[in-house]
Amino acid sequence: MKTAAIVPGQTLGILGGGQLGKMIAIEARRMGYRVKVLDPDTACPASEVAEVVQGAWSDPTAALELAMGCDVLTLETEHVPYAVLAEIERIRPLRPSAQVLRTIQDRYDQRHFLHRHDLPQTRWANVESLAQLQAALPDIGVPAILKRRTGGYDGRAQVRIYAPDDAAAAWQALGQAPCILEAFVDFAAELSVVLARSAQGEIRFFATAENVHKQGILHTTVAPARFSQMTRARAEDLATRAAVALEIVGVLTVEFFLTRDDALLINEMAPRVHNSGHVTLGACVTSQFEQQLRAVCGLPLGSQHQHAPAAMVNLLGELWAKGEPNFMAILAEPRAHLHLYGKRVAHPGRKMGHITVLSNDTDEALEVAERLHGQLVRAAEG
Ligand code: AMP
């Protein structure tokens, strides 16, 4: 649906009111937009800055109620069912489109898309039964990773298979649901490119980020990544090719493995703002959240210029083991910024907030972020 620009004073709708929705909403509110979000929890993080329409993402009635009250819609999660997105799209512009989400939200479709567009990825096989899993293992090899085709995030809904005998247990653990089996990549590093594509097809990407995951959950990000200009340019080129082929409007995140022989493989794509783009808020002229708003509203994109090297460390629920952590050391560090999402309940692995650190030196930014995080870990464990 072609629309005129959505301007300040008009209403942005976001499917999902978690921390990503909240940070988009904060940027939108700053620029004079009204914001409504769809979330099952009326006390979700975005409720502090946006009106909440209560409902599950899979609830078409609630989604249409949200859409009726908005001028344009976007999302903070790829897990909204295609049928609901298609309903929304019938009455309001939705960016990114339902079609983009259809390509990305099922790992099988996403891998097919990468294959069709000659974008590099690890070896994989489609698995719809235990027999298919057992038949695929000799070809894919071990170790391998079995991932549920839909619904997984932050390392959830995936199991490692270290020996062919593990197959039955892995198949049970994922609920006998359709999966893909991936060859395990013994990577040297993980990278991501966060970019925005406007309705006019303009693309601007943020500096390639370098990511470290722990138990499948992002732990730290450093941007720009400490790799050669050549590697970063290759990642940007691959991410741009994916964005053009998807015809996405909005932010796209492409996550990569950098192999030990310097090849880049796409691990996965997310059609939205991303945890590895949090450093852009504070480090760049335009954050990923404002860039998302600009793209979705049909505005020109902002400058992605980064003022200084930056690092980010996530604050997960285990840091709340002894109650609310003491954040004074972070607040006393002039190069650090504290972000808390306002989640009422903490549990291990839940993303509760993050710290970003800016410095003239990339290594130092990461060291400071890790030191501040380490103090919180010791206080929670001590
Ligand atoms: P995902 O949710 O698929 O992005 O997986 C979360 C994290 O698990 C990744 O960022 C990697 O650290 C790890 N991982 C996922 N797939 C693979 C793979 N095929 N080989 C090695 N590590 C992987």
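**Figure 1. A salt bridge between E48 and K22 in the predicted model.** In this predicted model, the side chains of E48 and K22 form a salt bridge, and their closest N and O atoms are 2.8 Å apart. Follow the chain and you will find K22 in helix α1, while E48 sits in the loop between β2 (34-39) and β3 (51-54), so the pair ties together parts that are 26 residues apart in sequence. The two partners also contrast in their surroundings: E48 counts as exposed at 52% relative accessibility, whereas K22 counts as buried at 9%.

**Figure 2. The meeting of domain 1 and domain 3.** The chain is divided into domain 1 (11-94), domain 2 (123-183) and domain 3 (187-381), and this view turns to domain 1 and domain 3. Each of these two gives 21 residues to the contact. Their centres, taken over C-alpha atoms, are separated by 23 Å. Between them an area of about 1800 Å² is buried, with 67% of it coming from carbon and sulfur atoms. Six residue pairs are in polar contact between domain 1 and domain 3. On the domain 1 side, α1 (19-30) and β4 (72-75) each supply at least two of the residues that touch domain 3. Helix α1 gives the most, with eight residues. Sorted by type, the residues on this side of domain 1 are twelve nonpolar, three polar and six charged.

**Figure 3. Salt bridges across the interface.** Two salt bridges are found across the interface of domain 1 and domain 3. Look for R30 and E290, whose side chains meet in a salt bridge at 2.7 Å from N to O. Side chains of opposite charge can pair when their charged atoms come close.

**Figure 4. Salt bridges of R371 and R204.** A search of the whole structure gives 19 salt bridges, and here are two more to explore. R371 pairs with E333, the closest N and O atoms lying 3.7 Å apart. This pair links distant parts of the chain, with R371 in helix α12 (residues 362-381) and E333 in the loop between α11 (328-331) and β16 (336-340), 38 residues apart. R371 counts as partly exposed at 39% relative accessibility, but E333 is buried, with a relative accessible area of 11%. Salt bridges that share partners also make one network of E27, R30, E290 and R294. In the other pair, the side chains of R204 and E202 meet at 2.9 Å, N to O. R204 counts as partly exposed, at 26% relative accessibility, and E202 is likewise partly exposed, at 31%.

**Figure 5. Two cis peptide bonds.** V142 and P143 are joined by a cis peptide bond with omega of about -5°. You can find P143 in the loop between α6 (130-140) and β6 (144-148). The peptide bond from A223 to P224 is cis as well, with omega near 0°. P224 belongs to the loop between β12 (217-223) and α8 (229-246).

**Figure 6. Positive phi at Q215 and E247.** Q215 is not a glycine, yet its phi is positive, at about 50°. This residue is placed in the loop between β11 (209-214) and β12, and it counts as exposed at 78% relative accessibility. E247, also not a glycine, has a positive phi of about 55°. Its place is the loop between α8 and β13 (250-259). With 60% relative accessibility, E247 counts as exposed.

Key. Residues are numbered from 1 along each chain as its sequence is written. This is a predicted model: local features need pLDDT of at least 70, side-chain atom pairs count only at pLDDT 80 or more; totals for chains, interfaces and linings use all residues. Side-chain values use heavy atoms; hydrogens and water are left out. Domain bounds come from an automatic or database domain assignment. Contact means heavy atoms within 4.5 Å. Buried area is the accessible area (1.4 Å probe) that two parts lose on being put together, summed over both. A salt bridge is a side-chain nitrogen of Lys or Arg within 4 Å of a carboxyl oxygen of Asp or Glu. A polar contact is a pair of N or O atoms within 3.5 Å; within protein, one must be able to donate a hydrogen and the other to accept it, and residues adjacent in sequence count only if both atoms are side-chain atoms. Helices (H or I, at least four residues) and strands (E, at least two) are DSSP runs, numbered from the N terminus. Ala, Val, Leu, Ile, Met, Phe, Trp, Tyr, Cys and Pro count as nonpolar, Asp, Glu, Lys and Arg as charged, and the others, Gly among them, as polar. Buried means under 20% relative accessible area, exposed over 50%, partly exposed in between (1.4 Å probe, protein chains only).
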